[in-house]
Amino acid sequence: MGLKMVGPVIMGYGSDSQKDEYLPRILSGEDYWRWGYSEPQAGSELAALKLSAEREGDVYVLNGSKIWTTHAHWANRMFCLVRTRSEGKPQAGITFLLMDMQTPGISVRPIITVAGEHEVNQVFFDNVRVLVSGRVGEENQGWTVAKYLLEFERGGGSAAGLAVAVERLKGLAREERNGRGGSLLEDPGFRSRLAAAAVRLEAVEMSERRVLAELTSGRNRGPASSMLKIQATETLQLIDELVVEGIAAYAAVDQPASRSPEAGQDFIGPEHGRVGMARYLNNRAGTIYGGSNKIQRDIIARLVLGL
């Protein structure tokens, strides 16, 4: 989230002092960034966020909470959307802040997912004092900054990981049996869906190259980021579905300890099935986070098709 999200935002909207302070630390890995966008009553409807930031001289005093904050229990920095004005259009009262996760008043409560993993959290702010110098962009103009960041979250960098996942899936298909004496790779139905995943991967790769060409020409990626978000997350979910189908009954065995290096517990079943179901469950959120895919299709309809 440092390299892919907040780094480009600081480059585009940050002050010179923010660039000098944060960009080298992002590149070196000294700072582990976490974002604070969603709230209990403001997930897909992000403009409804309520985390208040009252101005007191050169600080903002924050009260409220954020939810689904991935890796907040490890991160030492957060970029956060706060409400600095309640009157008027909701989007016009949002401000973008950078803060230290060790600031007094910040507490993190774990959320255990259906996959049995501690990845996300709820973060609480109790009279947390953040310097105004941590603001990116102008006060009440954070919605513009936030949308710029989302273009980077949605807009690319998925093809390499998807390519690895497809290759693993091919390996699984060569090893697992189809119930008729052959491998899954020889099963016409499974092979057809595997080919569909490979075709989708190629589409993602080509789309990312098109976006890269636009960026190198100095143009904004715009609605192409929505297209890539849809392509990448739906391809990922198709791969996960095929993995679960491929490992069959072993996918239903809950063995969270076998995924922990500290536990030293062997996995019952083929090694390539160890994380299959956990990935499937975790990645169901892919078509929701970062703006649901339905919202992305609406963006494309409005900005590309003019509907």
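Student: Why does R135 count as buried?

Tutor: This is a predicted model. In it, R135 has a relative accessibility of 19%. Buried means under 20%, so R135 counts as buried.

Student: Where does R135 sit, and which residues does R135 touch?

Tutor: R135 is in strand β8, residues 135-136. Leaving out residues up to four places away in sequence, R135 touches Q18, R55, Y60, T95, F96 and L97.

Student: What makes R135 and E139 a salt bridge?

Tutor: Their closest N and O atoms are 4.0 Å apart. The cut-off is a side-chain nitrogen of Lys or Arg within 4 Å of a carboxyl oxygen of Asp or Glu. R135 and E139 form a salt bridge by that rule.

Student: Is E139 called buried, partly exposed or exposed?

Tutor: E139 has a relative accessible area of 28%. Partly exposed is what falls between under 20% and over 50%, so E139 is partly exposed.

Student: How do you know that D187 and R180 pair?

Tutor: Their side chains meet at 2.3 Å, N to O. The limit is 4 Å, and D187 and R180 form a salt bridge.

Student: Which labels do D187 and R180 get, buried or exposed?

Tutor: D187 is at 14% relative accessibility. The buried class is under 20%, so D187 counts as buried. R180 has a relative accessible area of 60%. The exposed class is over 50%, so R180 is exposed.

Student: What makes R193 and E245 a salt bridge?

Tutor: The closest N and O atoms of R193 and E245 are 2.6 Å apart. The cut-off is 4 Å, and this pair forms a salt bridge.

Student: Why can one say that R193 and E245 tie together parts of the chain?

Tutor: R193 lies in helix α5, residues 188-216, and E245 lies in helix α6, residues 224-247. The pair therefore ties together parts that are 52 residues apart in sequence.

Student: Why are R193 and E245 called partly exposed?

Tutor: R193 has a relative accessible area of 34%. For E245 the value is 38%. Partly exposed lies between the 20% and 50% limits, so R193 is partly exposed, and E245 is partly exposed too.

Student: How many salt bridges does the rule give, and which residues are linked in a network?

Tutor: The count comes to 13. R25, E30, D31 and R77 are linked in a network of salt bridges.

Student: How many positive and negative side chains does the chain have?

Tutor: The chain has 36 positive and 37 negative side chains. The centres of the two sets lie 5 Å apart.

Student: Why is G116 called partly exposed?

Tutor: G116 is at 42% relative accessibility. That falls between the 20% and 50% limits, so G116 counts as partly exposed. G116 lies in the loop between β6 (106-112) and β7 (118-131). The C-alpha atoms of G116 and P256 are separated by 6.6 Å, though these residues are 140 residues apart along the chain.

Student: What is the secondary structure of the chain?

Tutor: The chain comes to eight helices and eight strands.

Student: Why is the chain called as compact as a globular protein of that length?

Tutor: The radius of gyration is 22 Å, and the globule rule gives 19 Å for 307 residues. The two values are close, so the chain is as compact as a globular protein of that length.

Student: What share of the residues is buried, and what share of the contacts is between residues 24 or more positions apart?

Tutor: Buried residues make up 45% of the 307. Residues 24 or more positions apart account for 69% of the contacts with a separation of 6 or more.

Notes
Residues are numbered from 1 along each chain as its sequence is written. This is a predicted model: local features need pLDDT of at least 70, side-chain atom pairs count only at pLDDT 80 or more; totals for chains, interfaces and linings use all residues. Side-chain values use heavy atoms; hydrogens and water are left out. Helices (H or I, at least four residues) and strands (E, at least two) are DSSP runs, numbered from the N terminus. The radius of gyration is taken over C-alpha atoms; the globule rule is 2.2 Å times the number of residues to the power 0.38. Buried means under 20% relative accessible area, exposed over 50%, partly exposed in between (1.4 Å probe, protein chains only). Contact means heavy atoms within 4.5 Å. Lys and Arg count as positive and Asp and Glu as negative; His and the chain ends are not counted. The place of a charge is taken as NZ of Lys, CZ of Arg, CG of Asp or CD of Glu.
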